[in-house]
Amino acid sequence: MDLTFYGEDVKGLIRVDPRTKVLIFITSSLVCVSSYSDIGIAMYSVVLCILFALCGKPMTALKASLALGVVLFVRAMMGNSKGAPEVIVMVLTLITTSFMFAFPTLMSIYFIVKTTRISHFLSAFQAMHVPVKAIVPVAVFFRFLPTVTDEWNGIRKAMAFRGISLSPVQIIVHPWKTIEFILIPMLFSSMSVMEELAAATMARGMDLEVRRSSYEEVKLHAVDYLLIVLFAAMFVLAAVIAQMAKEGAVL
Amino acid sequence: MAKKEMVNPATQPDKKLRVKDLIFAGAFAAIYVVVMLLIVMVCGTVPVLYLITPLFVGIVCATIYELCVLKVRKFGAALILGILFAVTASSGYLPGMFIAIGVALLAELVILIGKYKSKKFFLLSYLVFNLNMVCPFSNLYLNRSSFMAMATEYYGESYANGVAALATSWMPFAQMGLAVLGAAIGVLIASKLIKKHFEKAGIV
């Protein structure tokens with residue numbers, strides 16, 4: 001997965017307001033824990049992928065939905081084949097389950113990161129009169145998730161260059177060293193990114209306690225209202241399916 | 001950079017969180033959550049390891065937390081970290097989320113006792129802060145039947161039964177103990193690492 005730092009949605013067919021995206025994220029994490037059925041999560045994930053594609057990232061959406069398809073296929077197959085060895089079934093169940101469980105949440109975080117510009121995010125929430133002190137950490141949080149992944153890849157390459165492998169075996173044999181070799185470089189390079197980010201926001205006058213004007217157009221469009229209704233409906237549906245599954249209905 | 005750090009507090013000793021501090025808190029929260037999720041994903045495959053994740057998270061993540069609070073040194077750093085942690089880690093179960101935020105507030109109070117100067121209290125506050133690792137499990141203790149339904153559906157009978165057999169009434173307390181123990185080990189590592197790397201570089 002290539003992670004670029006700055007999300008963009010200019011190529012998209014639709015533009016979704018950041019507030020709607022955050023609502024989708026909240027719905028996703030609720031669906032993950034309150035829905036007990038594959039069908040609920042699969043349905044939800046497909047809609048999320050379609051939305052991703054419409055917002056100008058069709059390739060990402062395609063990759064994600066292919067992965068989802070494979071996992072669902074494996075799960076369906078496992079239900080039908082009885083003679084398989086216990087160990088393989090156990091391992092496959094764990095892998096596919098973790099995937100299914102994490103998919104909606106990770107996908108919606110990825111959706112926010114990939115398709116939102118930070119300035120758009122800031123101005124949308126400022127329009128809601130959320131104080132700057134609450135918005136900035138959240139915006140930086142989402143901005144920083146891909147950075148951490150990127151730093152991690154860089155560190156792995158740098159360590160491999162020096163002949164230090166970060167394989168699971170090494171982690172178990174030398175836990176103390178691994179912590180030092182991974183964590184310290186990551187913190188160092190992340191910290192310099194933070195310093196730069198702080199300087200950039202300072203230069204934009206974020207530190208002033210006045211209302212900031214913005215070129216961004218902040219308005220909930222028809223698409224946003226439609227999405228809000230759609231995701232609320234899907235959440236209710238997922239909850240209903242979960243209730244049915246709990247009561248023993250076979251789905 | 002070190003010079004700038006030294007001049008700043010002298011010219012304007014301000015207790016308020018500036019945007020710079022907010023950026024540090026948000027970014028460290030991102031690192032914290034990513035590392036925590038990695039550990040949970042690796043440990044989540046075995047019921048026993050899954051239940052003692054607070055220990056591992058405490059050992060590894062202490063350095064990140066300490067660096068964050070030592071870098072900002074104002075009221076709010078631990079709280080922001082705690083809130084972002086709570087929202088991502090235990091958003092599925094609201095009481096758990098509020099407990100996690102409360103724990104972060106307690107950690108903030110521990111730092112407050114040290115008046116945001118004493119390094120000892122900065123370090124000690126993580127022992128409290130790491131209790132929030134128990135909160136994602138609160139679903140299991142406070143809302144057992146629905147958690148079991150979920151685990152059975154997702155992971156299958158044997159895994160759910162494994163978790164159920166381990167999650168006895170004393171388990172939350174054992175987990176809290178493990179969280180504090182992990183945090184204690186982590187804090188020892190963190191103070192060593194920070195002294196070795198970051199203080200030398202003049203970062204904290």
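**Exercise 1. The interface.** Find how many residues of chain A are in contact with how many of chain B.

*Solution.* Contact means C-beta atoms, placed from the backbone, within 7 Å. By that test, 37 residues of chain A touch 36 residues of chain B. Next, sort the chain A side by helix. Helices are DSSP runs of H or I, at least four residues, numbered from the N terminus. At least two residues each come from α1 (18-34), α4 (86-115), α6, α8 and α9 (222-246) of chain A. The largest share, twelve residues, belongs to α8(A). Finally, sort by chemistry: 25 nonpolar, eight polar and four charged. Here Ala, Val, Leu, Ile, Met, Phe, Trp, Tyr, Cys and Pro count as nonpolar, Asp, Glu, Lys and Arg as charged, and the others, Gly among them, as polar.

The model is predicted: local features need pLDDT of at least 70, side-chain atom pairs count only at pLDDT 80 or more, and totals for chains, interfaces and linings use all residues. Residues are numbered from 1 along each chain as its sequence is written, and chains are lettered from A in the order in which they are written.

**Exercise 2. Helix α8(A).** Check its length against the expected span, then place its buried residues.

*Solution.* The expected span is 1.5 Å times one less than the number of residues. Helix α8(A), residues 175-203, has 29 residues, so 42 Å is expected. Its end C-alpha atoms are 42 Å apart, which agrees. Now the burial. A residue is buried with 20 or more other C-beta atoms within 10 Å of its own, exposed with 12 or fewer, and partly exposed in between; C-beta atoms are placed from the backbone. The buried set includes A:I182, A:L187, A:M194 and A:T201. The buried residues pack against α6 (132-161) and α7 (168-173) of chain A, and against α2 (19-43) and α4 (53-72) of chain B. Just after the helix, A:G205 has a positive phi of about 75 degrees.

**Exercise 3. Two loop residues of chain B.** Classify B:R73 and B:K115 as buried, partly exposed or exposed.

*Solution.* Most residues other than glycine have a negative phi. B:R73 has a positive phi, near 55 degrees. B:R73 sits in the loop between α4 and α5 of chain B. B:R73 has 15 C-beta neighbours inside 10 Å, so B:R73 is partly exposed. B:K115 also has a positive phi, about 55 degrees. Its loop joins α6 (94-113) and α7 (119-129) of chain B. With 8 C-beta neighbours inside 10 Å, B:K115 is exposed.

Terms used
Two residues are in contact if their C-beta atoms, placed from the backbone, lie within 7 Å.
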